[in-house]
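Biologist: Before we discuss the assignments, may I see the sequence and the structure? I should like to ask for the reasoning behind each label.

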Amino acid sequence: MKKFSIILLLFTIIPILNSCQSEEEIQVIEFQFTDYQVIYVPPDDDNDSYMNTFIDLKAKYPKELSNPEKRTMGSQDLPADYTLSTNSFYLLKDESVVFSVENAMSRGQIMDTLESIVDTSNQIIY
């Protein structure tokens, strides 16, 4: 009877312990651009070229853009309605997602979106 109790206890504890595991963390590129926080999850195979794109953007807008940094992030770092996925772009203002595109943005589209923030003649209001 004692063995049965121990086995039963293990079967109840193991699922509880598995549910406590942390969510998968993903490598992202993050930086501040004017009043916005930008989080980009690059494709796994092309991580460095996207970083170079943001470094080029930093050269063009040195005062508006903080240094892009690679870091790991989990979906719990975004508002509850969003989850991080590969090749996704998130634009946050005051800790709220104001614009996001998942699995669909090219480097040119990312640049156009970010440049529209500082281009006063064609500014997108989020």
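Modeller: Please note that this is a predicted model. Let us begin with Phe99, which is partly exposed at a relative accessible area of 23%.

Biologist: Why is Phe99 called partly exposed?

Modeller: Buried requires a value under 20% and exposed a value over 50%. Phe99 has 23%, so the residue is partly exposed.

Biologist: What makes Phe89 and Phe99 an aromatic pair, and which geometry do they have?

Modeller: Ring centres must lie within 6.5 Å, and planes over 60 degrees apart count as edge-to-face. For Phe89 and Phe99 the centres are 6.1 Å apart and the planes meet at 70°, so the two rings form an edge-to-face pair. Phe89 belongs to strand S4 and Phe99 to strand S5 (residues 96-102), so the pair ties together parts that are 10 residues apart in sequence. Phe89 itself is buried, at 0% relative accessibility.

Biologist: How many aromatic pairs does the structure hold?

Modeller: There are four aromatic pairs. One of them joins Tyr40 and Phe54, with 5.9 Å centre to centre and 65° between the planes. The angle is over 60 degrees, so this pair is edge-to-face. Tyr40 lies in strand S2 (residues 36-41) and Phe54 in helix H2 (residues 47-60), 14 residues apart.

Biologist: How do you know that Tyr40 is buried, and what holds for Phe54?

Modeller: The relative accessible area of Tyr40 is 0%, which is under 20%, so Tyr40 counts as buried. Phe54 also has 0%, and is therefore buried. Ring pairs link Phe31, Tyr40 and Phe54 into a cluster.

Biologist: Why is Ser85 called buried?

Modeller: Ser85 has 18% relative accessibility, under the limit of 20%, so Ser85 counts as buried. This residue is found in the loop between strand S3 (69-73) and strand S4 (88-93). Leaving aside residues up to four places away in sequence, Ser85 touches Val41, Tyr90, Glu102 and Asn103.

Biologist: What makes the approach of the side chains of Ser85 and Ser88 a polar contact?

Modeller: The separation is 2.7 Å, and the cut-off for a pair of N or O atoms is 3.5 Å, so the distance condition is met.

Biologist: Where does the charged end of Lys93 sit?

Modeller: The charged end of Lys93 sits over the ring of Tyr36, 4.9 Å from the ring centre. The distance limit is 6 Å, so 4.9 Å satisfies that part of the criterion.

How values were computed: Residues numbered from 1 in each chain as written. Predicted model: local features only at pLDDT ≥ 70, side-chain atom pairs only at ≥ 80, totals over all residues. Heavy atoms only, no water. Helix = DSSP H or I, 4+ residues; strand = E, 2+ residues; numbered from the N terminus. Buried < 20%, exposed > 50% of the residue type's maximum accessible area, 1.4 Å probe, protein only. Polar contact = N/O pair within 3.5 Å; in protein donor to acceptor, adjacent residues only side chain to side chain. Contact = heavy atoms within 4.5 Å. Phe/Tyr/Trp six-rings, centres within 6.5 Å; stacked < 30°, edge-to-face > 60°. Lys NZ or Arg CZ within 6 Å of the ring centre and 35° of its normal.
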